[in-house]
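Reader: Before I look at the model, could you show me how to read backbone angles and the nonpolar interior, taking one feature at a time?

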Amino acid sequence: MFRAYAALVLLGIIWGSNFIFMKWATALISPSQTVFLRLLFGFLPLVAVAWHSKVITRAQLQHLPHFIVMSVLATSFYYYGFVAGTALLPSSIAGLLSGSIPIFTFLGAALFLPDERPTKQMAIGLALGFAGIALSARPWQGATGVSLVGVLWMLAGSLSVGASFVYARRYLSPLRLPPLALATWQVGLAVITLSILIDFDGITQLSTDTRAMWGTILGLGALGTGAAFLIYYFIIETLGSVRAAGATYIAPVVAVIIGAIIGEDITSLEIIALVLILSGVLLIQTGRQASG
């Protein structure tokens, strides 16, 4: 049990540290190139473990349309939204906004899953979460404040991955596929799609900065994607999905701490926004347990 909770903390730290690696990478290469490298180096450990575990089968090809949808919602567009947003925002603000993922997941489930009945507590949590998002965006500051485009990209990424959970619950959960197989398919398909669609011109610029290069390969790729998926599924198998969601509380806090360490201006507004978002997520999660 101790190993599972230690893995939970480790996962939160990995997710929270991703934003500074994105910041370093996008200073040299485009967001789409950053996403491609992240997925490529995240796919390698995933496919190695999946192959060793023999969870990939030819029969799974019949579910390819579902895998393609998941590769867009839960992988390529989700990661692109976060990378594009982080490129325009302080890493602490980007990490803070990533805490909105459970909020959008709940919203999508309430709208499209009939058995997910929202309670009053969950509605209050949703309101608190959006209040924290609004405080993070600081719309009253106009052009002199936080980049609205960056905030919108972060929210688009959160909305995309939130929608993926709803899609998976509706169409993939009944298939009883191994989670590792689903993750391997969706990441692999995203790598193939991006390799066709993106412009690779200038991608070698990343090699001019050793910190950014290894941050992308190891931090975002091998750890932030490949190892993160493996750790996440280990936690789900050991503690269950509700407790595994606890990592989403840790990641924004880690991102804000890292932002403070590297010299980003962390004001009381960021702290209040963080508390509001995490409080909203907590109310939604506990409200879901109570209603279930």
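## Reading backbone angles and cores

Author: Gladly, and please keep in mind throughout that this is a predicted model.

Reader: What should I expect of phi in residues other than glycine?

Author: Most residues other than glycine have a negative phi. Against that background, K54 is worth a look, with a positive phi of about 60 degrees although it is not a glycine. R176 is likewise not a glycine, and its phi is positive at about 55 degrees.

Reader: Where does K54 lie, and is K54 buried or exposed?

Author: K54 sits in the loop between α2 (31-53) and α3 (64-88), and with a relative accessible area of 72% it counts as exposed.

Reader: Where is R176 placed, and what is the relative accessible area of R176?

Author: R176 belongs to the loop between α7 (148-172) and α8 (179-197), and its relative accessible area is 73%, so it is exposed, the cut-off being over 50%.

Reader: Turning to the interior, which residues touch the most other members of the largest nonpolar core?

Author: That core has 72 residues, and within it L39 and I235 touch the most other members. Helix α1 (residues 2-26) supplies the largest share of this core, namely ten residues.

Reader: Which residues does L39 touch?

Author: Leaving aside residues up to four places away in sequence, L39 touches T75, S76, Y79, V187, A190, V191, L194 and T225. There is also a second, separate core, made of nine residues, among them M70, A168, L172 and W185.

Definitions and conventions
Residues numbered from 1 in each chain as written. Predicted model: local features only at pLDDT ≥ 70, side-chain atom pairs only at ≥ 80, totals over all residues. Heavy atoms only, no water. Helix = DSSP H or I, 4+ residues; strand = E, 2+ residues; numbered from the N terminus. Buried < 20%, exposed > 50% of the residue type's maximum accessible area, 1.4 Å probe, protein only. Core = buried A, V, L, I, M, F, W, Y, C linked by side-chain atoms within 4.5 Å. Contact = heavy atoms within 4.5 Å.
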